[in-house]
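Got your viewer open and a selection tool at hand? Let's take a walk through this one, stop by stop.

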Amino acid sequence: MTNNDIFKKLRVALMLRDDQIVEILELVDFRITKSELGAFFRDEKHPNFMECGDQVLRNFLNGLVIHLRGTKENPKNPKDVLAKHKAQIPSKENAKERVEFKAKPKDSEASRGDQKPGKTDFKKKPSFKSKDKAPKIQIVEKVKFNNGKNKKS
């Protein structure tokens, strides 16, 4: 795994924008522009791709510690900082709220496993063929296409 991969994964996991990364790097007196930063996140085959050196990643990690934890004089709670990042992300207008998935609790008697194997109580599948069904109404009359070819009789 390269430094670029680590940098990308941290950016996604912490929901950081480029301007926030620039600010984090400035906390340790390391100056970098957004365009230089964008070169680290490009595809390896892109002509403007640039390798992320050890110095850049080291300074980012040191700045990230200060950004999340704060200093000795002014400590921060990392969860509050991450919640602030999440709140700054604009939500999409048409996006629906994600519904939490909650698994149904298992029936403790049914999942014990001490019942006799063999006859199980399966529900009968519903039959799709109904005898009381009304005859199908034909909406469009049947048309025979000859695909532009004249038939010889």
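The tour goes from the whole chain to one helix, then to a pocket and a neighbouring helix.

**Stop 1: the whole chain**

Before you select anything, keep in mind that this is a predicted model. Show the cartoon for the full chain: it has 5 helices and 0 strands. Follow the sequence along and the pattern reads α-α-α-α-α. Now colour by burial if your viewer can do that. Of the 153 residues in the chain, 19% are buried. For contacts with a separation of 6 or more, 56% are between residues 24 or more positions apart.

**Stop 2: helix 4**

Select residues 54-69, which make up helix 4. This helix has 16 residues, and from the first C-alpha to the last it reaches 22 Å, close to the 22 Å expected at 1.5 Å a residue.

Next, pick out V56, L57, N59, F60, G63, L64, H67 and L68, the buried residues of helix 4. Turn the view until you look down the axis of helix 4: these buried residues fall within an arc of 160°, so they line one face of the helix. What do they pack against? Switch on helix 1 (3-13), helix 2 (18-26), helix 3 (34-40) and helix 5 (78-88), and you have the packing partners of that buried side.

Now flip to the face of helix 4 turned away from its buried side, where you'll find the exposed residues D54 and R69. Then step just past the end of helix 4 to G70, which takes a positive phi of about 85°.

**Stop 3: H67**

Go back into helix 4 and select H67. Is H67 buried or exposed? Its relative accessibility is 16%, so H67 counts as buried; the cut-off for that is under 20%. Show its neighbours too: leaving aside residues up to four places away in sequence, H67 touches I24, L27, K76, V81 and H85.

**Stop 4: the second largest pocket**

Keep H67 selected, since it also belongs to the lining of the second largest pocket. Add R17, D19, Q20, E23, K76, V81, K84, H85 and Q88 to complete that lining. Three residues you have just seen touching H67, namely K76, V81 and H85, are part of the lining as well.

About 180 Å³ of space lies in this pocket. Which helix gives the most to the lining? That's helix 5, with 4 residues. Helix 2 and helix 5 each supply at least two residues of the lining. Colour the lining by class and you get 1 nonpolar, 4 polar and 5 charged residues.

**Stop 5: helix 2 and D18**

Move over to helix 2 and select Q20, I21, V22, I24 and L25, its buried residues. They pack against helix 1, helix 3, helix 4 and helix 5. Two of these residues may look familiar: I24 touches H67, and Q20 helps line the second largest pocket.

Finish on D18, which lies in helix 2. D18 is partly exposed, with a relative accessible area of 25%. Draw a distance from its C-alpha to that of L37: the two atoms are separated by 7.2 Å, with the residues 19 apart along the chain. L37 is also one of the residues that D18 touches, along with R11, K34 and F41, not counting residues up to four places away in sequence.

Note on methods. Residues are numbered from 1 along each chain as its sequence is written. This is a predicted model: local features need pLDDT of at least 70, side-chain atom pairs count only at pLDDT 80 or more; totals for chains, interfaces and linings use all residues. Side-chain values use heavy atoms; hydrogens and water are left out. The expected span of a helix is 1.5 Å times one less than its number of residues. Buried means under 20% relative accessible area, exposed over 50%, partly exposed in between (1.4 Å probe, protein chains only). The arc is that of the directions from the helix axis to the C-beta atoms. Contact means heavy atoms within 4.5 Å. On a 1 Å grid over the protein atoms alone, a cavity is a set of points where a 1.4 Å probe fits but cannot get out, and a pocket is an open set with protein on both sides within 12 Å along at least five of seven lines; lining residues have an atom within 4 Å of a point. Grid points are joined across faces, edges and corners, and a volume is the space filled by probe spheres set on the points. Ala, Val, Leu, Ile, Met, Phe, Trp, Tyr, Cys and Pro count as nonpolar, Asp, Glu, Lys and Arg as charged, and the others, Gly among them, as polar.
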